[in-house]
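Colleague: Please take one part of this model and walk me through it closely. I am new to this, so keep the steps short.

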Amino acid sequence: MKKALVIGGGIAGPVTAMALQQAGWEAVVYEAYTDTAAGQIGAYLTVAVNGLSALAEIDAHHIVMDTGHATDTLSFYTSAGKHITDMPIGGTLPDGTVTHSVKRRDLYRALNAEAARRGIRYEFGKRLVDAEATATGGVVATFADGSRAEADLLVGADGIHSRTREIIDPNAPKAHYLGIYGLGGFVTDPALVHELGLRPGVYSMIFGKKAFFGYLVAPGGEIWWFANMPGAQELSKQTVASTTPAQWRDQLARMLAADRGPAAAIVAATPDATFVTGFNQYDMPSVPTWHNDRMVIIGDAAHAVASSSGQGVSMAVEDAVTLAICLRDLPETATALAEFEHRRRDRVERVVAYGAETSGDKAQNGLARFLVRQLTPFFLKRAAKQGVGSLNWMFDHRISWSGESADQPVRPSA
């Protein structure tokens, strides 16, 4: 049986390990932290229907659906509190499945627990420092603690600051800072939900004058929220570690003060214990080299997308399942890795471009940002009239374990 070293226990890592196991490979996950969720930041994630469909091919879609909840509608508002439009999020699969939202740490832990339940071995505290091909056609990895591991393949599922990417190509581009800080949090206050008139199950987005704010009400009445605020300077590790929730709360409150709507009240009600402090947001420029004969990068390591696309998780799981299919069907590893890139590159780079457009990254100066704010309601209303069809290329992608990827229509949400 061929063996793969999977670097990273985030989302792409355990999904890749499960997919490889289904393809007849032995996969071992090497995680830098002592806990699979220890190094993860961010409040919650969206898993679109294309991602859920890919997970279903390895019988792992239920993990998202059991851990999270259905979120099939986007509702947009101006900074003045005016409702712009409602839009479906990606349509509905034939069995009725829609896009789901899930807390980040819950999803990380659930995916890794499922991989472990299936017999996949984990090695914790293993930070990759180097890897090289062996004389026998395999690959050997070296970790920061001095240990080594050898296999037929190394899969870099090690995120936006991937060490695997640097090993494959020392000249590979670095992650691109978007000029945006992300924040988030959770509020358990049913009285506040009632007082603010919040709609459960609807993902509301507010185009604030100084910050972008999104929130939803989970089935149990808990408010989940995130905010994107401009940040001229990339946050250092020291700044991230030393800035308290109270300091971030005050800074965000000042940016939201000029806006109508529930954002300021939600932020003010968020306790320190559930306040996700500021973090840098990135995407990846086009990475010229995804693989060599024995190593490959997937997910954020190869093509991180802006959070505004709502496709980060889905792209990672599509990668994982596609890679496993290629390795199953093509006996030569190098050939399988080339086929994997052939099937994935055009699609993911199109999603990256879409994410950059919708994140506001291209509106760096004041006039540009003003124009974006003024024109957004017009384009959103037009998109709502067009329906989910305008983004069919993104949501309709399907991967079949028994065949090649295909784009198939989904039924629009009612």
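**A helix pair, close up**

Modeller: Start with helix α2, residues 49-56, and its partner α11. The two pack at an angle of about 30°, and their axes lie 8 Å apart. Angles under 35 degrees count as roughly parallel. That is why α2 is described as roughly parallel to α11. The crossing of the two helices is left-handed. Keep in mind that this is a predicted model.

Now look at who touches whom. From α2, the contact uses Asn50, Gly51, Ala54 and Leu55. From α11, it uses Ser314, Met315, Val317, Glu318 and Val321. Sort the residues of this contact by class and you get 5 nonpolar, 3 polar and 1 charged.

How much of α2 is buried? Of its 8 residues, 7 are buried, so the helix is largely enclosed by the rest of the structure. The buried residues are Val49, Asn50, Gly51, Leu52, Ser53, Ala54 and Leu55. Four names return here from the contact with α11: Asn50, Gly51, Ala54 and Leu55.

Follow the chain onward from α2. A loop runs between α2 and α3, residues 61-67, and Asp59 sits in it. Asp59 has a relative accessible area of 46%, so it counts as partly exposed. Its backbone deserves a look too. Most residues other than glycine have a negative phi. The phi of Asp59 is near 55°, a positive value in a residue that is not glycine.

Turn back to the partner helix. In soluble globular proteins, nonpolar side chains tend to be buried together. Here the largest nonpolar core holds 111 residues, and Leu154, Phe213 and Trp225 touch the most other members. Helix α11, residues 312-329, gives this core its largest share, 11 residues. Apart from this core lies another one, of 16 residues. Its members include Ile89, Ala218, Phe226 and Val276.

Stay with Leu154 for a moment. Which residues does it contact, leaving aside neighbours within four places in sequence? They are Leu5, Ile7, Leu128, Ala131, Val139, Ala141, Thr164, Arg294, Met295 and Val296.

Leu128 leads us to another residue, Ser162. The two are 34 residues apart in sequence, while their C-alpha atoms are 9.5 Å apart in space. Ser162 lies in the loop between β12, residues 153-156, and α5, residues 163-168. Is Ser162 buried or exposed? Its relative accessible area is 0%, so it is buried. Not counting residues up to four places away in sequence, Ser162 touches Ile297 and Ala301.

Next, set a second helix pair beside α2 and α11. Helix α1, residues 12-22, packs with helix α4, residues 104-117. Their angle is about 25°, and their axes are 9 Å apart. This angle makes α1 roughly parallel to α4. The crossing of α1 and α4 is left-handed. On the α1 side, Pro14, Val15 and Met18 make the contact. On the α4 side, Leu111, Asn112, Glu114 and Ala115 do so. By class, the residues of this contact divide into 5 nonpolar, 1 polar and 1 charged.

One more stop shows another setting. Asp189 is in the loop between β13, residues 176-188, and α6. Its relative accessibility is 28%, so it counts as partly exposed. Asp189 and Ile223 are 34 residues apart along the chain, with 7.8 Å between their C-alpha atoms. Pro190 belongs to helix α6, residues 190-196. With 58% relative accessibility, Pro190 counts as exposed. Pro190 and Gly221 are 31 residues apart along the chain, and 5.8 Å separates their C-alpha atoms.

Finally, step back to the whole protein. It has 14 helices and 20 strands. Of its 414 residues, 55% count as buried. Take the contacts between residues at least 6 apart in sequence: 73% of them join residues at least 24 apart.

Return to α2 with that in view. It packs against α11 at about 30°, and 7 of its 8 residues are buried. In the loop that follows, Asp59 is partly exposed.

Notes:
Residues are numbered from 1 along each chain as its sequence is written. This is a predicted model: local features need pLDDT of at least 70, side-chain atom pairs count only at pLDDT 80 or more; totals for chains, interfaces and linings use all residues. Side-chain values use heavy atoms; hydrogens and water are left out. A nonpolar core is a set of buried Ala, Val, Leu, Ile, Met, Phe, Trp, Tyr and Cys residues joined through side-chain atoms within 4.5 Å. Buried means under 20% relative accessible area, exposed over 50%, partly exposed in between (1.4 Å probe, protein chains only). Contact means heavy atoms within 4.5 Å. Axes are lines fitted to C-alpha atoms, for helices over the stretch in contact, and angles run from 0 to 180 degrees between N-to-C directions. Angles under 35 degrees count as roughly parallel, over 145 as roughly antiparallel, 65 to 115 as roughly perpendicular and the rest as oblique. A crossing is left-handed if the near helix is turned anticlockwise from the far one by less than a right angle, and right-handed if clockwise. Ala, Val, Leu, Ile, Met, Phe, Trp, Tyr, Cys and Pro count as nonpolar, Asp, Glu, Lys and Arg as charged, and the others, Gly among them, as polar.
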